[in-house]
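Student: Could you take one part of this structure and go through it slowly with me? I would like to see how a single element sits among its surroundings, and I am happy to read a long answer.

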Amino acid sequence: MITEEIRQEIQKRLKKYANEKSAVMDALRIVQRAGGGNITKADMEEIARIVGVNPVAVNAVAAFYTMYNYGKPVGRYHIQVCRNISCALLDAERIIEHLEKRLKMRTGETTRDSRFTLSTVECLGSCGTAPMMQINDDYYENLTPERVDEILDGLE
Amino acid sequence: MEKVLLKNIDRPDAHRIDAYMRYGGYRAVKKALARGRDELIQLIKDSGLRGRGGAGFPAGLKWSFVPHDPTIQKYLCCNADEGEPGTFKDRGIMDNDPHLLLEGMMIASYAIGASVAYIYIRGEFAFGARRLQAAIDEAYDKGYLGKKIFGSDFSLDIFIHKGMGAYICGEETALLESIEGLRGQPRKKPPFPALAGLYGKPTVINNVETLSCIPAIVEKGVDWFKSMGPEKSPGPKLFCVSGHVKKPGLYELPMGTTIRDLVYNHCGGIRGDRKLKALIPGGVSAPMLTSEDLDTPLDFDSVAAKGSMLGSGAVIVMDENTCIPRVAYITNRFFSHESCGKCTPCREGTHWLTEVLRRIEYGDGRTGDVELMEKLCTNIFGRTFCPLGDGAVMALRGAFKNFREEFIYHITHKRCMVS
Ligand SMILES: Cc1cc2nc3c(=O)[nH]c(=O)nc-3n(C[C@H](O)[C@H](O)[C@H](O)COP(=O)(O)O)c2cc1C
Ligand code: SF4
Ligand code: FES
């Protein structure tokens with residue numbers, strides 16, 4: 001649901017650009033955040049109206065960029081472990097296995113209580129402190145299984 | 001070497017405007033605004049500064065392509081997409097010293113006559129984006145952004161545009177599509193962005209590190225800048241070292257520092273004092289080098305002479321226990337995942353390469369798979385719409401060139417040659 005507050009937030013973004021269509025990306029991100037990480041079809045239609053584009057164009061953008069979760073809802077904590085080369089060289093595989101064991105789930109799944117989603121992602125630009133993962137907005141670096149346990153224990 | 005790009009890295013308050021100014025910041029932009037635009041462009045040309053985003057294109061020359069007509073709207077776009085695996089340098093600048101980038105952008109915008117500038121930052125860099133936005137807000141409060149900045153006739157607005165997870169948006173024309181609110185797929189060139197870029201207007205796209213070099217060049221001059229590194233690739237350079245070294249991290253050193261010096265001196269050598277097997281000098285699109293190339297200077301031309309590229313300055317180090325087919329698999333899986341789907345050779349080709357590499361990695365390789373992949377490479381190379389597809393091929397060919405027998409071993413023995 002797009003509240004009046006969110007609508008105003010989006011309308012502010014329109015002013016950044018010579019063509020308001022540019023604000024589609026911001027709008028989708030704002031709505032996804034407000035929706036606890038998810039975007040609905042109704043949201044996209046509303047965004048299309050606010051920004052002034054065809055809903056098909058909004059859909060195309062939501063489907064193209066991997067950080068939009070349209071059609072793939074995520075849990076309250078979205079754990080994303082880097083699987084790219086620098087992390088792989090320092091055994092990111094071990095971190096992924098540890099997370100799967102501890103959360104009793106496979107990569108790509110969400111726990112039944114919608115608390116956690118576990119994904120693997122490509123390089124997050126933190127290769128000097130590999131292996132690493134991101135939980136929602138935050139980076140966690142130089143991971144070991146013990147460190148992963150501490151981090152998960154620290155989440156409310 | 002005196003640090004230029006990382007001079008404020010150990011100053012935890014440098015992201016605040018007052019501290020940044022106490023450390024000498026925002027002096028260069030005032031100097032620049034007192035000069036003519038052509039004079040500034042000539043200065044950057046004379047400095048020999050080459051783009052740090054990957055291609056090494058001369059920055060001043062790029063600026064000079066922008067038409068002079070003051071009635072045409074022009075744009076500057078800072079490329080902060082930082083997607084090349086192994087790279088984490090722009091993040092270092094934006095997280096710790098955001099005003100350095102803003103100052104560089106102010107000078108560049110003034111020189112090309114742009115009144116609006118965007119920072120295209122990858123969506124995952126939430127911390128950096130917050131830091132940058134706070135820095136932009138501080139600059140507006142002081143009158144350093146907005147109308148008639150520093151009391152001059154020059155006005156500038158800077159906005160952040162967040163990417164949302166697409167490596168291809170680092171390619172400059174895909175980046176422009178993305179700012180326009182579209183899927184990030186590359187455009188046909190020509191026309192080049194300097195003539196028809198964002199919203200069809202003249203646009204300069206420069207990398208974060210390139211723009212962050214500008215204030216010091218204005219302050220200290222061309223001779224100082226050229227005193228670092230080789231004649232044709234001068235200046236300071238950020239190296240992102242990752243993989244099997246004792247001290248991975250971000251290093252600022254003169255262009256032309258040798259691989260040996262970087263790996264064995266600055267990074268303390270290989271973990272466990274093992275042997276170095278291979279090294280990627282410029283992000284995963286760059287073909288790998290071996291222990292025989294240790295004395296290669298890390299600058300654009302020297303690395304190119306070895307058949308690879310300096311790229312983004314991401315140095316990925318692999319010790320003797322590294323399985324090269326596995327590295328090739330991970331790398332190609334990345335390219336296949338990130339192919340934007342616009343052209344068939346790249347979309348289909350990287351997909352099939354990844355499938356073949358996957359079966360080799362998991363012990364199902366078939367005789368002739370290397371030759372099959374070589375054929376696939378031939379069908380991709382030179383036939384793709386943008387350099388992503390070529391990058392995938394060059395990286396794989398680099399692995400075959402030095403480690404072909406390892407692929408054959410993996411296929412026949414169904415396991416790694418190492419460990
Ligand atoms: C597939 C691909 C990805 C790229 N990714 C980036 C990137 O993440 N950051 C960047 O600065 N340049 C990237 N580039 C290079 C840009 O297209 C462009 O050359 C660069 O931003 C120009 O800035 P510079 O001249 O200051 O280096 C990429 C190029 C390609 C083909
Ligand atoms: S080479 Fe790949 S990334 Fe580039 S346009 Fe073609 S499909 Fe897209
Ligand atoms: S390879 Fe994992 S953060 Fe770059």
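Tutor: Seven of the eight residues of helix H5(B) are buried, so this helix is largely enclosed by the rest of the structure. Please keep in mind while reading that the model is predicted. The buried residues of H5(B) are Lys89(B), Asp90(B), Arg91(B), Gly92(B), Ile93(B), Met94(B) and Asp95(B), and several of these names will return below.

One partner of this helix is H9(B). Helix H5 of chain B covers residues 89–96 and helix H9 of chain B covers residues 208–220, and their axes come within 9 Å of each other, crossing at roughly 50 degrees. That angle makes H5(B) oblique to H9(B). On the side of H5(B), the residues that meet the other helix are Lys89(B), Asp90(B), Ile93(B) and Met94(B), while H9(B) contributes Val208(B), Glu209(B) and Ser212(B). Sorted by class, the residues of this contact divide into three nonpolar, one polar and three charged.

If you now look at strand E4 of chain B, residues 203–207, you will find Asn207(B) in it. Which residues does the side chain of Asn207(B) reach by polar contacts? It makes one with the side chain of Lys89(B), at 2.9 Å, and a polar contact of 2.9 Å also joins the side chains of Asn207(B) and Asp90(B). Both Lys89(B) and Asp90(B) are among the buried residues of H5(B), and both are among the residues of that helix that meet H9(B). Asn207(B) is itself buried, because its relative accessible area is 9% and the cut-off for buried is under 20%. Not counting residues up to four places away in sequence, Asn207(B) touches Arg52(B), Gly53(B), Asn79(B), Lys89(B) and Asp90(B).

Asn207(B) also leads us to a ligand. Of the 17 residues around ligand 1, those that come nearest are Gly53(B), Asn79(B), Asn206(B), Asn207(B) and Thr210(B). Gly53(B) and Asn79(B), as you have just read, are also touched by Asn207(B). Some distances to the oxygen atoms of the ligand can be given: a backbone N or O atom of Gly53(B) lies 2.7 Å from an oxygen atom of ligand 1, and a polar side-chain atom of Thr210(B) lies 2.7 Å from an oxygen atom of ligand 1. For Asn206(B), an N or O atom in the side chain is 2.9 Å from an oxygen atom of ligand 1.

Let us return to H9(B), the helix that H5(B) crosses, and follow it to another of its residues. Ile217(B) has its place in helix H9 of chain B. Is Ile217(B) buried or exposed? Ile217(B) counts as buried, since its relative accessibility is 0%. Leaving out residues up to four places away in sequence, Ile217(B) touches Leu43(B), Ile44(B), Ser47(B), Leu49(B), Trp224(B) and Phe225(B). The C-alpha atoms of Ile217(B) and Arg122(B), which are 95 residues apart along the chain, are separated by 27 Å.

A useful companion to that pair is found in strand E1 of chain B, residues 75–80, where Leu76(B) lies. Leu76(B) and Ala117(B) are 41 residues apart in sequence, and their C-alpha atoms are 4.6 Å apart in space. Leu76(B) counts as buried, with a relative accessibility of 1%. Apart from its neighbours within four places in sequence, Leu76(B) is in contact with several residues, including Met105(B), Ala108(B), Ser109(B), Ile112(B), Val204(B) and Leu211(B). To connect this with the earlier parts, recall that strand E4 of chain B spans residues 203–207 and helix H9 of chain B spans residues 208–220, and you can then locate Val204(B) and Leu211(B), two of the contacts of Leu76(B), in the view.

To finish, there is a second ligand to look at in chain B. The shell of ligand 2 holds 13 residues, of which the closest are Cys340(B), Lys342(B), Cys343(B), Cys346(B) and Cys386(B). By class, this shell has eight nonpolar, four polar and one charged residues.

Terms used. Residues are numbered from 1 along each chain as its sequence is written. Chains are lettered from A and ligands numbered from 1 in the order in which they are written. This is a predicted model: local features need pLDDT of at least 70, side-chain atom pairs count only at pLDDT 80 or more; totals for chains, interfaces and linings use all residues. Side-chain values use heavy atoms; hydrogens and water are left out. Axes are lines fitted to C-alpha atoms, for helices over the stretch in contact, and angles run from 0 to 180 degrees between N-to-C directions. Helices (H or I, at least four residues) and strands (E, at least two) are DSSP runs, numbered from the N terminus. Angles under 35 degrees count as roughly parallel, over 145 as roughly antiparallel, 65 to 115 as roughly perpendicular and the rest as oblique. Contact means heavy atoms within 4.5 Å. Ala, Val, Leu, Ile, Met, Phe, Trp, Tyr, Cys and Pro count as nonpolar, Asp, Glu, Lys and Arg as charged, and the others, Gly among them, as polar. Buried means under 20% relative accessible area, exposed over 50%, partly exposed in between (1.4 Å probe, protein chains only). A polar contact is a pair of N or O atoms within 3.5 Å; within protein, one must be able to donate a hydrogen and the other to accept it, and residues adjacent in sequence count only if both atoms are side-chain atoms. A residue is near a molecule or strand if one of its heavy atoms lies within 4 Å of it.
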